[in-house]
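Let's take a walk through this fold together, from one pair of helices to the sheet. Have the structure open as you read.

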Amino acid sequence: IGIDITALATSTIRKRLCESFPDAFASPAAIPVHGFPADLAGARQLADDDRHNFQNWVLSLIPTARPKGGTPRKGADQGIDGVWLWQDAQNVTQRGIISVKSGHVNAGQVRDLLGAMANEGAAMGLFVTLEAPTQPMHDAAAQAGFYELAGTPARFRRVQIVAADELLRGELPKLPLAFRIEAYKAAQPIDDGGQGMLDYGE
C-alpha cells in the first residue's frame, strides 16, 4: 500500500507489480489507484484540472515511459511529452517519443510528431489523445510505415495512435519490448571494519 500525490510518483511501483506478477496484472492500468481516473469522464476532469498531471498520468500507463529529460517539467516541450527506450537484437539502444494531447486533435499534429521524430532521431512515435482520433490522423500515421526490430522478424507501425479510453481498458500500443536503464550505479557496501557504509558512486 502506498500513498503519493502525483501520477508519475506511483508509476514505478505499478510497473514493478506488472513485472513481478504478470499473471495478475496485464498492464499498469489494471492496477487500481484511488484518485486516478477510472473512466473517460475522470480523464477529462483530470485534463481540465491539470493538463501536465494528465500527461504524467498517461505516461504512467505506458510501460517504461518517462518524461523527456527524466523529470516532469512545465513549459514548452517541442511536442515531446515523454520517451521510451528499448534495445534491438544487435544491442543498439533505440528511442521513441510520445506526444500527449488533451484537447482538439487533427492530422497536422500527427505530422508534427513525425517532424519531432526526425529532429530527435527517434525510431518510433506514439500519439496519445483524450479525444477520439480521426481517420485522417490514422492515415497520416500509416504513411510513416513500419519500424523493423533489427536482428528479428518483428516489425511495428512506426507511428501509433492510442486513445485515453483504450489505455483505461488496458489496451496498450504494440511497442518493442523495452528495458530499464538505471540512472545511477548500484550502491555497493564498503568494509571499513566498522558500521557498513554505502558508496553511491560519482
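**A pair of helices and a mixed sheet**

Helix 4 and helix 5 lie roughly parallel to each other, a label that applies because their angle falls under 35 degrees. Keep in mind that this is a predicted model. The angle between helix 4, residues 107–120, and helix 5, residues 135–142, is about 20°, and their axes are 8 Å apart. The crossing of helix 4 over helix 5 is right-handed.

Which residues make up this contact? On the helix 4 side you will find Ala107, Val110, Arg111 and Leu114; they meet Pro136, Met137, Ala140 and Ala141 of helix 5. Sorted by class, the contact of helix 4 with helix 5 holds seven nonpolar residues, one charged residue and no polar ones.

Now turn to the sheet. Five strands build an open sheet with mixed pairing, and their order is 1-2-3-4-7. Strand 1 (66–67) and strand 7 (159–163) are the edge strands, each pairing on one side only. In general, strands of a sheet pair through backbone hydrogen bonds, either parallel or antiparallel. For strand 4 (residues 124–129) and strand 7, the sense is parallel, and the pairing runs over five bridges. To see one bridge for yourself, pick Val128 and look for its partner in strand 7, Val162.

Finally, look for the helix that lies across the sheet strands. Helix 3, residues 51–60, lies across strand 1, strand 2 (82–87), strand 3 (93–101) and strand 4. Relative to strand 3, helix 3 runs at about 135°.

Definitions and conventions:
Residues are numbered from 1 along each chain as its sequence is written. This is a predicted model: local features need pLDDT of at least 70, side-chain atom pairs count only at pLDDT 80 or more; totals for chains, interfaces and linings use all residues. Side-chain values use heavy atoms; hydrogens and water are left out. Axes are lines fitted to C-alpha atoms, for helices over the stretch in contact, and angles run from 0 to 180 degrees between N-to-C directions. Helices (H or I, at least four residues) and strands (E, at least two) are DSSP runs, numbered from the N terminus. Angles under 35 degrees count as roughly parallel, over 145 as roughly antiparallel, 65 to 115 as roughly perpendicular and the rest as oblique. A crossing is left-handed if the near helix is turned anticlockwise from the far one by less than a right angle, and right-handed if clockwise. Contact means heavy atoms within 4.5 Å. Ala, Val, Leu, Ile, Met, Phe, Trp, Tyr, Cys and Pro count as nonpolar, Asp, Glu, Lys and Arg as charged, and the others, Gly among them, as polar. Two strands pair if DSSP finds at least two bridges between them.
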